[in-house]
Amino acid sequence: MQLAKYSLLLVPFLLIANSDIEILSKNSQDILNTQKEINKLESDKLYLDWVNKINLNYNKSFNEQFDPTQESQTFSVEINQPIFKSGGIYFATIYSSVSKDYNDLAIKLKEKELIKNALISIANLKKIDLEIEKSKLLLANAKI
């Protein structure tokens, strides 16, 4: 008898398990989605973090001391990329991918924790409802 009662309690939870995220409030869902988006953007930033800046310099000067048409121009491009650190570049890109996966798992773990807490709260409420119903039936039985 007790086994049947507890198995009936599990039926709603099995139905809810198909749509885990809907059990959470809209705010919690938004927070989790924002954390996932932040994780993706940080991972993309880390992936390209090894790229160094490119400097462009331009200089133009006129000299009218001896000849009014004398002018000089200089243009320089400075690229400082770690060409000889290709292993470091490879591992930096791998690190960004692994870091994203790790953070995705941490977010998923937090999501599961929130869902677990919500299901425990629902189960406790259902248990209290059943205890109230049991008390009402015991009271009705005592009156008979």
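A residue counts as buried when its relative accessible area is under 20%, as exposed when that value is over 50%, and as partly exposed in between. Keep those cut-offs handy as we walk through this predicted model.

Let's start with a pair in helix α3: K100 and D104 join in a salt bridge, 3.0 Å from N to O. D104 has 25% relative accessibility, so it is partly exposed, and K100, at 26%, counts as partly exposed too. These two sit four residues apart in α3, which means about one helical turn separates them. Further along, E113 and K116 make a salt bridge of 3.7 Å; being three residues apart in α3, they are also separated by about one helical turn.

Now for a link between helices. K36 forms a salt bridge with E111, with the closest N and O atoms 3.4 Å apart. K36 belongs to α2 and E111 to α3, so this pair ties together parts that are 75 residues apart in sequence. K36 is partly exposed at 35%, while E111, at 10%, counts as buried. In total, the model has five salt bridges.

What about α2 itself? Its buried residues are Q29, L32, N39 and S43. They cover an arc of only 85° around the axis, so they lie on the same side of the helix. The face turned away from that buried side carries the exposed residues K26, N27, L41 and K45.

Finally, look at the surface: Y90, F91, I94 and V98 form a nonpolar patch there, with about 420 Å² of accessible area together. V98 lies in helix α3, which covers residues 86-143.

Notes
Residues numbered from 1 in each chain as written. Predicted model: local features only at pLDDT ≥ 70, side-chain atom pairs only at ≥ 80, totals over all residues. Heavy atoms only, no water. Patch = residues over 30% accessible without salt bridge, like charges linked within 9 Å, V, L, I, M, F, W, Y side chains within 5 Å. Areas by Shrake-Rupley, 256 points an atom, 1.4 Å probe, with all protein chains shown as cover. Salt bridge = Lys/Arg side-chain N within 4 Å of Asp/Glu carboxyl O. Buried < 20%, exposed > 50% of the residue type's maximum accessible area, 1.4 Å probe, protein only. Arc of directions from axis to C-beta.
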